[in-house]
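Me: Please take a close look at one part of this model for me. Start from a single side-chain contact, then work outwards to the helix packing.

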Amino acid sequence: MSDAGYSTDEDAHVGGDADPVMDPTLNVDVGSGLTSHDWADIDNSDLVAKVRGSAGFRIMREIQPWDGALAAPPALHAKKVFEFFYVQRKEADMWKNLAKECFPEMYEAAGNDKSEKKRLQSLWAQAVLDEIKAMRDYGKLTLRWITAVVEAQASDHLFLRREALKHGPGSMQEKAANIVWNQSSNRIKDQVFEAMHHWTNKAGAQSGGTARMYKHQHELLEELDKHYEAAARARDTASKPPLPLHVILSTPTGSGKTFTALMVHLRLLKEKHPNVILLYSVPTKQVLKRVGQECEAHAAPYWTAARDHSGDGTMHQVRRPYSIRDKARNRKAMRAKAAIGEKLSAGSGTVEQQLEYAAKVGFQLKDRGAGKPDIIIADLNTTASLLKAANVAPEGSFYHKENLLLYFDEPNMGIHLDPNVLGVVSTIQSNMPCAAVLASATLGPWEGLEQWWRGPLPARQITISMEPYDLPMSTLNVWSEEKSSLAPISPLGVFENYVEFQRTMQDVRLPILLLRHLTSRQGNDLMGIKGPGGDWNKIQSDVKSLRLAVEPIFKGLSYEDFTRLKKEWATGDGAPIKMDGLRSALSKEGVTMVGCIDPRKVAMILAGYLDREAWTQDVHKLNNKLKEAERMMKESAKAEKRKKKDDEDEAMLGDDAEGQIGLITLRPMLKVGVAEALDSDVDTLVMLSKGIAYACGSGTDPMVKRLYNQALLTVPDSLKGRAPPLNVLVVDYSSIYGTDCPAVDTLLLQEDLGRLLAWEDLQQFLGRLRRDGTAIFYSARTLRRAALGPGAEAVADKEQTEYAREVEVAMLGFQDKPSRDANAEVAALVKLAETKGRSSTETAGFAVTAVLSFTLPPPPGLPKGLASPHPAEVTGTDKEVLAALGKHLKTNAGLLETLLKKRTDQVKTIEKIEALALSASPFVNRTGGVRFLGAAAQTLKLLYDADVLSEEAVVAWGQAKGAAAKLDPDLDVRFLEKAKPFITWLEEDSESEEGSDEE
C-alpha cells in the first residue's frame, strides 16, 4: 500500500512483520493479524492483474442465467449452418449427408429453386464462416458448433452430444452428431470414451459454450432476493417483517464458493439492494487475502476486519484499502486528512469503534462508497464480535443486523480440533443477522445438525445443495517409502470386503464421492464399453451425466462382479509402480500440494536438504549468483551516477543471462529481487530454486509468502507444457483451506497430519484438486477414512469382531467330529466367507486365531451344543498355553495348512495373531489374548513346525513390520520385538543352508 496509513508498522496488525518461529504441531489458524506484507499481497498489481486475466473473472462478466430458467435451449443460425454444409457437398459425402438429412426442406428448395441454387453456388465455406463471425455474440454458439463438426476431435464429439441432448431426438443437432460420429475412426471414438470421464467434459464456457450459473447459484440469488423484497415491503407498510433467512449452501469443494459470494454482491446486492453489506467470514488469512484480491480485481469497495492478537482478544482492526480511496482528488484528500485530524494509524479498538472510525474517515475523504463498504472481509473472531455488535446497533446504523448478509465460508473448519474455535462458531450462530449463508462442502442439511447450529431465534432455514457429481477425477494411491513404490487403489480396493461395500452403498453421499475415484477404464468397465469404437448412444454428455449413469451400476454390483472387478482393477494400470524416490511421484506439468505438520521442514527435505554434499554445492552456486548480481547492481549505480540521466536505468539493463539488473533468476520464470534475496537465508533460496515453496499459519519467510501467492494463480494451460515456476506447495492444516490453485493436479498427505484429520478435513484436502489428478496417502488407513467416511473404521471393526466370532463358532463345530475332512471343512469356511461377503484370506486368519483362542477362556454367549475345548480360566504359564496350543494344532493342522497355501495369506494371518496378542481390534475384549505376546516367538514356531506358516511368510512379515516402524515411531512393535528371536533364527538358518549349498 502506498498510503502512509498502510505502509507503517503502526497501521499493521500488532506483531509487525516478524512472524514467530513455528512450532511443528497442528495449528488451527482461523485468522492471524494482517501485516504490511499481507496488504502488499492483497493489492499486488501483478496478482490482481492475474485475477483479472483469469477465466473466473471473465465468466463473472459474461455469466448468464441457469439453463433451467430458460424457456428453450439456444438455437443455431440454421440458414448459415445449411449454407456451410451445402457449399461443401461435392467435396465429401459427409457434407452432402449433413445438408440433406439435417435440412431436408432447404435442400429440396435449393434443388428446385434456380435463384436459390445460384445464390448458394456463389458462396464458399470461409465466406459463410466470416459472416457468422461478424455476428459476434449472436453467432458464437453457431461458430462453435460448426467448428466441432469440422474438427471432430474427442472434445468436439462431446460438445455435439451435449447439444443433441439439449434439443432432443429428431433434432438437427442429433442428426448431425450421429453423421459425424459414423464418419470418425475407431481411434477417435476410443478417445471420446476416454475423454468423457475427464473434468473438462462440462457444459458452459469451459467447453466453448455460454457461461451459465449453476442451479444452486440461481436458487440462492432467488431466495435472497425474495427475502429482501419481503423485508422492504414490510418496512414500507410497517407490517411484520419476514423471518430471518438462514441458508446452508452445501456444495463440493472447488465449486466456487468465493465466486458465488461475489456473484451475490455484483448480480444482486449492488443492483437491487445496495444498502446490504456482504459480511464475508473467512476461515483463514490466506482466504482473506484471496477474497481481497478478487474484490480488488472487480473494483468492489471493501474493508478488512481482523482481531488484534496482541491483547486480550477483544480488540480488532478495521482497514480501508487504498484502492477505494478517491484517487482523482488524492492531493485534496491528503489536505483533508490533516484538516480532520485523521490519525497516522487507525490502531485497534472494539469492533464498534473501528467501524465507526473507518466510516467517518471514509466519508470525509470521499472514499468510493462514501464511508460504507459493499463488502467486509472478516476473520472468524471479528465476525463473532461484529455480529454481536450488529444485534444491538441502532436501526439507522450501517452495520445493523438487517443491513448485513453473512456469508460464512467453511463454518465447521477446525471445530473438532480446537474448542476455542467451536466456541467462536457457536457465538456466530447465536448472533446470525437477518440473512445468512453457511457455505460448506461437508456441513449437511439443517435437519441433521445439533441445535446450537440453528441459533436461539426462529428463522426460515433452508438447504440449497449441489450434489458432487462433477468433481475432478482423483485416483487414489498409497506411497510405500520402504519399497519406493506407488500403489493405485481403486474405488473397490478401499473396501475390505463385500459387506463393507454394501453398507457404504446405503449412504446418501459416499457412493457419489467414490465415483470421482474411478479411472476412465474403470468407468467404461462398469458401463460395458469395450473398444475399439462404440455406439454413439453410449457417449455421456458431461461428467455429471456420466456419473449419474454409472452410479446405479456401481451401487448394484453383485458379490461376483465386486470380487472380479476388484481383482482386475488391481492389475495392469492398477498394479504398484516402482518409483525413483518420492519426487518422481510428484506432478510433472502441474502443481503438487503436500499436507503435513511442519511445512518448512518437509519442503527442505523434498528440495534435497538431506543430501548434504549436493546441497552444499547448490548453496555455493547460489552464493556466486548473488555476488555477481550485487556486483552488477553496484556497477549500474556507478554508471547512473556518472551519466546523471533519469532514464539510464533502463538503458543499462544489459542481457538477460541473470535476469534484469537488481533481479536474480532462481529457476526458469522465477526471479526475485537481489535485496529481497539477501534478506532471506540461502537455504530458502535453494529450496525455491528447486520449485518448492511452503505456507503455514506463522513463521513463513515474506519472500516465500509472496511467491507462494503468485503460484496460486498459475494456470497450466498458459505454460504450454512447461513446468510451473513453483511446482510443489507444502502446507499445514490451516493453509489447506486457503490454497485454491487451478494448477494443482497432485496431492500428497503425510501421515503426521493425515492421522489427525477428520473426514471433513480429508474431503477438503481432496477438494484441492482443481483438475483431474492424483491423491497420494502415506497409509491405507487414512486413505480409507478419506474415502469411506468418519464411521468406516468403527463399523468395520464391529463387523470384523462379529465375523471373527462366526469363524470361531464354525471352527468349534469341527472339533467334536469323530473323523475330520480338511477339504470339506475348508469348503464350509469358504461358503461362510461368500455368504458374509468376506475374503478367504481374512477367514483363514480368523481360523488360526480361533485355534489359538481354544487355549483361552470361552467368550460369552456361545451357542449351545458346541464342543468346549476352552479352559475355564486363563492358564497359569506360557509353557501350559503353548502345550495346549500344540495339541489343538495337531487336530487342526490339516485344515489350516489347506487354508493357508499362499504366502500373502500367511502374512495376513500373522497380523491377526499380533492383533490377538495386543488385544487390538477385533480382539479388544478377548480375555487372555495377551498371553501370546510374551510367547510370540514360541507361538510362531509352533505354527511353523505344524506347516501352517512358512519361513518366507514369517521373515516377510518381520521385514514389513520393521520398515513400517521406521516410518511411524508411534507404531506398536511389542509383538515384533518378542518374535525377533525366532525370525533371526530363521534368517540365520536360511543363510547357513545357502552356505552349505555353495560348498
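**A side chain and a backbone oxygen**

Reply: A polar atom of the Arg-784 side chain lies 2.7 Å from the backbone oxygen of Val-494. The model is predicted. Arg-784 sits in helix α36, which spans residues 780-788. Is Arg-784 buried or exposed? Its relative accessible area is 8%. Buried means under 20%, so Arg-784 counts as buried.

Now the wider setting. The protein chain has 45 helices and 18 strands. Of its 999 residues, 54% are buried. Consider contacts between residues at least 6 apart in sequence: 77% of them join residues at least 24 apart. The pair Asp-740 and Arg-290 shows how the fold brings remote positions together: 450 residues apart along the chain, their C-alpha atoms are separated by 8.7 Å.

Stay with Asp-740. This residue lies in the loop between α33 (733-738) and β17 (744-749). Its relative accessibility is 32%, so Asp-740 counts as partly exposed. Leaving out residues up to four places away in sequence, Asp-740 touches Leu-712, Arg-768 and Arg-770.

Leu-712 leads to a helix pair. Leu-712 is one of the α32 residues that meet α16. Helix α16 covers residues 285-297, and helix α32 covers residues 702-712. Their axes are 12 Å apart, and the helices pack at an angle of about 60°. That angle makes α16 oblique to α32. The crossing of α16 past α32 is right-handed. Which residues of α16 and α32 meet? From α16 come Lys-285, Gln-286 and Lys-289. From α32 come Lys-705, Tyr-708, Asn-709 and Leu-712. By class, this contact of α16 with α32 holds three charged, two polar and two nonpolar residues.

A second helix pair is worth setting beside that one. Helix α27 runs over residues 599-607 and contains Ala-603. Helix α31 runs over residues 682-689. The axes of α27 and α31 come within 9 Å and cross at roughly 60°. So α27 is oblique to α31. This crossing of α27 and α31 is left-handed. On the α27 side, the contact is made by Arg-600, Ala-603, Met-604 and Ala-607. On the α31 side, Asp-683, Thr-684 and Met-687 take part. By class, the contact of α27 with α31 has four nonpolar, two charged and one polar residue.

Ala-603 deserves its own look. Its relative accessibility is 0%, so Ala-603 counts as buried. Setting aside residues up to four places away in sequence, Ala-603 touches Met-687, Ile-692, Tyr-694 and Val-730. Of these, Met-687 is also part of the α27 contact with α31. Lys-690 is 87 residues from Ala-603 along the chain, and their C-alpha atoms are separated by 9.9 Å.

One last site is Gln-800. Gln-800 is found in helix α37, residues 792-815. At 17% relative accessibility, Gln-800 counts as buried, because the cut-off is under 20%. Apart from neighbours within four places in sequence, its contacts are Arg-838, Glu-842, Phe-846, Lys-912, Ser-921 and Pro-922.

To draw the sites together: Arg-784 is buried at 8%, Ala-603 at 0% and Gln-800 at 17%. Asp-740, at 32%, is partly exposed. As for the helix pairs, α16 passes α32 in a right-handed crossing, whereas α27 and α31 cross left-handed.

Methods
Residues are numbered from 1 along each chain as its sequence is written. This is a predicted model: local features need pLDDT of at least 70, side-chain atom pairs count only at pLDDT 80 or more; totals for chains, interfaces and linings use all residues. Side-chain values use heavy atoms; hydrogens and water are left out. Axes are lines fitted to C-alpha atoms, for helices over the stretch in contact, and angles run from 0 to 180 degrees between N-to-C directions. Helices (H or I, at least four residues) and strands (E, at least two) are DSSP runs, numbered from the N terminus. Angles under 35 degrees count as roughly parallel, over 145 as roughly antiparallel, 65 to 115 as roughly perpendicular and the rest as oblique. A crossing is left-handed if the near helix is turned anticlockwise from the far one by less than a right angle, and right-handed if clockwise. Contact means heavy atoms within 4.5 Å. Ala, Val, Leu, Ile, Met, Phe, Trp, Tyr, Cys and Pro count as nonpolar, Asp, Glu, Lys and Arg as charged, and the others, Gly among them, as polar. Buried means under 20% relative accessible area, exposed over 50%, partly exposed in between (1.4 Å probe, protein chains only). A polar contact is a pair of N or O atoms within 3.5 Å; within protein, one must be able to donate a hydrogen and the other to accept it, and residues adjacent in sequence count only if both atoms are side-chain atoms.
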